[in-house]
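Here is a walk through some local features of this protein, from strand pairing to metal sites and a pocket. Have the structure open as you read.

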Amino acid sequence: MKGVENEFICGGDVHGTPLELEALERGEDPRDIKDEQNRKVREAYESLNVDFSIFSDTHSEYNRKQTHDMFEELYCSGLINEKTQNMAYCKDDERFLPDRYIEGECPHCGGLARGDQCDDCGKLVEPENIENTECQICGNNNIEFRDTDHLFLDLTEYKDELKNWIEEENPVPENMKKQILHDLDEAEDRSITRDQDWGFNIPVERVNKRIEEENLDIDKLDSKTYDGKVLYVWFDAPIGYIGFTRELFEDGEEWKEHWNQDAEVTYSIGKDNAIFHAVIWPTMLLGASNDDIEYSLPDYEFIQQYLMWEEGAFSKSRNRGVFIDEAVQHYPADYWRFYIAKMLPTNHDTNFAWEDFESEVNNVLNNTVGNFVNRTLSLVEKWFDNEVPVGALKARDKEVIEEAEKTVKKYDEEFEDKNIQEALDAAVELARIGDRYLSEEEPWNNEERREETIHVALQIIRALGATLFPFTPEASGKIGDMLNTNIHTSEGVNELLDPLAGGLEPGHRLGEREILFEKIDVSEHKDQTEETSDEEPEDEIKKFNQDTVSFDDFMEMDMRMGEIVSVEEHPNADKLYKVKVDIGEATLQTCAGLKNHYEKEELQNETVVVLANLEPSELRGEKSECMILVAEDEEKNISLLSPNTEMEKGGKVR
Ligand SMILES: [Zn+2]
Ligand SMILES: [Zn+2]
């Protein structure tokens, strides 16, 4: 909008273990799965009118080239070292289990640690420190730790420089600084290679050739050691930013203008990615700089906290939340963009609530913005044959124009200061200024003031359309159509410097009036989960297919074969037995509602399936820490589930 040349790049980081695991599970090529996943993400962004210069993924040839360029530079500068690492190895699958191939208890909080990071506390963990590990390929615990050689990125070399950068240049939000300085202080080195197939290979030959040619005092890499290993996802994922830029410019030289010292680079990430972007990535940028290109450190990183769903995490499998594909079916993308910008979790996690969404859309978008625009334009139709009236501006009119100009200036400054919410407030303030002005001047009662008040109100609508563009681009487009002018052109026009311009000269003919925003009623979406009773059968089948759980969520359920070792009456409940089930590693107790279906003796020593990691609770004073699974038909007949061949206790159900 200010005519500054810029590129907005994004893409998927696709070399993660979850994707390789899913490919293994589905017996498919990881490339197909990454295409499918990336397409979904791209479509979600498109449906919200997010307009990237490029949306790619990290598996491209451009990114491979950039990754190998940076690897070579880092290795030949002595910032990558070989170390022997003790890695998890599954004896059943006869392979190493990098990162997310093993899961277990987090050594910090006891939560679910997947490979190198804990899902619950978000801390990085070393796989050796995870307790009760489980192989994610076969589900067994037949795991040992074996030595294997890997490459490590040295994170100590630029500590002082980066500390200075964070403290002096303020590249991260104030509330994240302390954590990041702590992470920086603790940083030592991080392994950047993995024993797996999916990913970029290690450019051994290229590196060795350079060492030879330049006679460097660096050990050559042994090609045998790195056969069957790849660069780990987090190494090539941030490099993707540059890879995407190279792809955008088809590898010419122009991409460098967006990454060298003259460039201003701004990132937008979630708080769980802070360490990668504020410690590791800057180290890589500094270390990989050379005569050809000196990379720019991040100028600013928007590090967002989490948006929660009515105080819990969003979860597709539990139908908690509203997801982009449904969201844009319910309401226009503008409404969501506006509300998310308004709720942006900059300083702390924020909660989405339907009522609040409704009230903001109705009060701000509809009543404040929409009504001001509609009111003004209907008066132009009525009195001026839909043409901009001549205005001999009086002192009061000039004052209002000045106030609007100041507000646009504030808007610009807030954006420059990275205060997105305040910028949105300033845009909306323009509508308030205009509305107040109309109410004070009452052009409908004051025929003498009509021409100039409507003239000024139209100029304010022009500014409103321009400033709302980043938040509600569709509405801005409509305002442009209604004013019969261009609201946003990226052709080097500084709309913000002269926001009230735009060809709205006296006599300019306006376009047709349209509805900008509509009032919404969220009640139908709020209780959607309860509305399942009288649907058409066709809808039910559709629902059955839609209401899916993710593979990850399913794998979180620890279901095992167990043997019932004791059955007692529950002292305080008529329908319950107190049952103990031996699942091999442990004996778990449950309160089971089986009394109307089985005699105690019938249950004794039966092999059953239990959900072993059920959150423990008490049922009428008795502990219940697992669940015996049964089948139930429409007549409420119940049957225990048993395997059809003999199975060991503790065997996993999957
Ligand atoms: Zn943890
Ligand atoms: Zn295994």
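Two strands count as paired if DSSP finds at least two bridges between them. Keep that cut-off in mind for what follows, and note that this is a predicted model.

Let's start with strands E1 and E2. Strand E1 (residues 9-12) pairs with E2 in the parallel sense, over four bridges. Gly11 sits opposite Ser56 in E2. Which residues of strand E2 (residues 54-57) lie on each side? Ile54 and Ser56 are on one side, Phe55 and Asp57 on the other, and all of them are buried, so both faces of the strand are covered. That layout goes with a general pattern: in a regular strand the side chains alternate between the two faces of the sheet.

Now for the metals. The model has a zinc ion as ligand 1 and another zinc ion as ligand 2. Here they are side by side:

| Site | Protein donors | Distance | Donor angles | Spacing |
|---|---|---|---|---|
| zinc ion (ligand 1) | Cys106 (SG), Cys109 (SG), Cys118 (SG), Cys121 (SG) | 2.3 Å | 104 to 115° | C-x2-C-x8-C-x2-C |
| zinc ion (ligand 2) | Cys90 (SG), Asp93 (OD), Cys135 (SG), Cys138 (SG) | 2.0 to 2.3 Å | 98 to 120° | C-x2-D-x41-C-x2-C |

Why does the site of the zinc ion (ligand 1) count as tetrahedral? Its four donor atoms subtend angles of 104 to 115°, and the label requires all angles to lie between 85 and 135 degrees. The site of the zinc ion (ligand 2) is tetrahedral as well, with angles of 98 to 120° among its four donor atoms.

In the ligand 1 site, Cys109 and Cys121 link distant parts of the chain, twelve residues apart. Cys109 is in the loop between strand E5 (102-105) and strand E6 (112-114), while Cys121 is in the loop between strand E7 (117-118) and strand E8 (131-135). Cys109 counts as partly exposed because its relative accessibility is 41%, and Cys121, at 33%, also counts as partly exposed.

For the zinc ion (ligand 2), Cys90 lies in strand E3 (residues 80-90) and Cys135 in strand E8, so this pair ties together parts 45 residues apart in sequence. Cys90 and Cys135 are both buried.

Several of those strands belong to one sheet. It is an open sheet of four strands in the order E7-E6-E5-E8, with antiparallel pairing. E7 and E8 are at the edges with a single partner strand each, so one side of each has no neighbour in the sheet. E6 and E7 pair over two bridges, and Arg114 stands opposite Gln117 in E7.

Further along the chain is a hairpin of E18 and E19, with four residues between the strands. Strand E18 (residues 577-582) runs antiparallel to E19, joined by six bridges; in one of the pairings, Asp582 partners Thr587. Gly584 takes a positive phi near 90° in this hairpin. In strand E19 (residues 587-592), five of the six residues are buried.

Finally, the second largest pocket has a volume of about 290 Å³. Of its 19 lining residues, the closest to the centre are Leu344, Thr346, Asn347, Gln421 and Glu422. Strand E14 (300-304), helix H11 (333-343) and helix H14 (420-441) each give two or more residues to the lining, with E14 supplying the largest share, four residues. By type, the lining divides into eight nonpolar, seven polar and four charged residues.

Terms used. Residues are numbered from 1 along each chain as its sequence is written. Chains are lettered from A and ligands numbered from 1 in the order in which they are written. This is a predicted model: local features need pLDDT of at least 70, side-chain atom pairs count only at pLDDT 80 or more; totals for chains, interfaces and linings use all residues. Side-chain values use heavy atoms; hydrogens and water are left out. On a 1 Å grid over the protein atoms alone, a cavity is a set of points where a 1.4 Å probe fits but cannot get out, and a pocket is an open set with protein on both sides within 12 Å along at least five of seven lines; lining residues have an atom within 4 Å of a point. Grid points are joined across faces, edges and corners, and a volume is the space filled by probe spheres set on the points. Ala, Val, Leu, Ile, Met, Phe, Trp, Tyr, Cys and Pro count as nonpolar, Asp, Glu, Lys and Arg as charged, and the others, Gly among them, as polar. Buried means under 20% relative accessible area, exposed over 50%, partly exposed in between (1.4 Å probe, protein chains only). Donors are N, O and S atoms within 2.8 Å of the metal (3.2 Å for Na, K and Ca); water is not among the atoms, so sites may look incomplete. Four donors count as tetrahedral if all angles lie between 85 and 135 degrees; four count as square planar and six as octahedral if opposite donors are over 155 degrees apart and all others between 65 and 115; anything else is irregular.
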